[in-house]
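Me: I have a structure open and want to go through its geometry with you. Short questions, short answers, please.

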Amino acid sequence: MSKKSGIKSIFRLFSAESYKGSKGYIRTQKVYEILRTALYFGISLSLFAAGYFATGSKLNLLTVAAVLGCLPASKSAVSMIMFLRYKGLSREATAQIEPCQGELTCLYDMVFTSYAKTFEVGHLAVKGNTVCGYSEKQDFPEKEFQAHMEPILKADNHKNVSIKIFTDLEKYKSRLAQLQALETEQDNTESIVRTLKSVVL
């Protein structure tokens with residue numbers, strides 16, 4: 001790996017927004033969240049220790065700074081726990097899907113959250129107003145997911161968007177082949193992708 005590509009990889013690791021939907025996103029984000037949380041708590045602990053050893057008392061300004069530092073650390077810990085709950089698309093499924101996606105615009109490891117449920121979709125393909133996806137959760141609540149996504153898409157002026165989530169990998173691979181052959185306007189593809197990315201973890 002060249003120095004330049006290494007720097008890009010590090011930058012991408014700490015730029016979750018731009019990395020959403022990329023292959024291995026959940027696995028990469030788990031590492032980032034763990035490191036960030038450990039760093040934040042480490043800074044707070046270091047400040048507390050420095051203040052205590054310097055003054056011999058807990059009552060000093062560094063203790064105040066350490067306590068305040070626990071706020072972003074705790075927020076980071078919550079985010080870390082959220083990501084640790086999910087696995088992302090398995091390597092086995094990824095290996096089977098990749099040869100079938102062709103030139104389609106695809107997204108990986110999409111976790112959509114609502115007040116009532118969380119919807120984990122391992123792979124999504126978007127072409128025009130058609131969105132289809134694959135979830136390794138055999139009990140995936142497709143109708144509830146559609147009901148959750150429709151108002152979100154409409155709010156961004158995406159109307160008549162077809163959403164279908166498969167739990168059978170072979171059927172999904174067949175659908176990807178059909179989607180590639182589908183003659184449709186692709187003007188909405190990138191806009192729909194942006195909307196999808198904006199509402200996932």
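Me: What share of the contacts in the protein chain with a separation of 6 or more comes from residues 24 or more positions apart?
Reply: It is 68% of those contacts, where contact means heavy atoms within 4.5 Å.

Me: Before I read on, what kind of model is this, and how is it numbered?
Reply: This is a predicted model, in which local features need pLDDT of at least 70 and side-chain atom pairs count only at pLDDT 80 or more, while totals for chains, interfaces and linings use all residues. Residues are numbered from 1 along each chain as its sequence is written, and side-chain values use heavy atoms, with hydrogens and water left out.

Me: OK. How many helices and strands?
Reply: The protein chain has eight helices and four strands. Both are DSSP runs numbered from the N terminus: helices are H or I with at least four residues, strands are E with at least two. From the N terminus, the order is α-α-α-α-α-β-β-β-α-β-α-α.

Me: How much of the protein chain is buried?
Reply: Of its 201 residues, 40% count as buried. Buried means under 20% relative accessible area, exposed means over 50%, and partly exposed is in between, with a 1.4 Å probe and protein chains only.

Me: And what area does the protein chain expose?
Reply: About 11,900 Å², with carbon and sulfur atoms supplying 58% of it. The areas come from the Shrake-Rupley method with a 1.4 Å probe; for residues, only the protein chains shown count as cover.

Me: Switching to charges. How many salt bridges does the structure hold?
Reply: Six, a salt bridge being a side-chain nitrogen of Lys or Arg within 4 Å of a carboxyl oxygen of Asp or Glu.

Me: Which residue does K117 pair with?
Reply: K117 forms a salt bridge with E144, with the closest N and O atoms 3.1 Å apart. The pair links distant parts of the chain, 27 residues apart: K117 is in the loop between strand 1 (105–113) and strand 2 (118–127), and E144 is in helix 6 (residues 142–155). K117 is partly exposed at 34% relative accessible area, and E144 is partly exposed at 39%.

Me: What about E142, which residue does it meet?
Reply: E142 forms a salt bridge with K164, the closest N and O atoms being 3.4 Å apart. E142 lies in helix 6 and K164 in strand 4 (residues 162–166), so the pair ties together parts 22 residues apart in sequence. K164 is partly exposed, at 36% relative accessibility.

Me: And K173 with E170, how far apart are they in sequence?
Reply: K173 and E170 are three residues apart in helix 7 (residues 169–181), so about one helical turn separates them. Their side chains meet in a salt bridge at 3.3 Å, N to O. K173 counts as buried at 18% relative accessibility, whereas E170 is partly exposed at 46%.

Me: New topic, empty space. How many cavities of 30 Å³ or more are there?
Reply: The count is one, and the largest cavity holds about 40 Å³ of space. On a 1 Å grid over the protein atoms alone, a cavity is a set of points where a 1.4 Å probe fits but cannot get out; a pocket is an open set with protein on both sides within 12 Å along at least five of seven lines; lining residues have an atom within 4 Å of a point. Grid points are joined across faces, edges and corners, and a volume is the space filled by probe spheres set on the points.

Me: Which residues line the largest cavity?
Reply: F112, L124, V131, F145, M149, L153, I163 and L196. Helix 6 gives the largest share of that lining, three residues. By class, the lining has eight nonpolar, no polar and no charged residues. Ala, Val, Leu, Ile, Met, Phe, Trp, Tyr, Cys and Pro count as nonpolar, Asp, Glu, Lys and Arg as charged, and the others, Gly among them, as polar.

Me: And the largest pocket, what is its volume?
Reply: About 200 Å³. The lining of the largest pocket divides into one nonpolar, four polar and five charged residues, including R85, K87, E120 and K137.

Me: Last one, backbone. What is phi for D109?
Reply: D109 has a positive phi of about 50 degrees and is not a glycine. Most residues other than glycine have a negative phi. D109 lies in strand 1 and is buried, at 4% relative accessible area.
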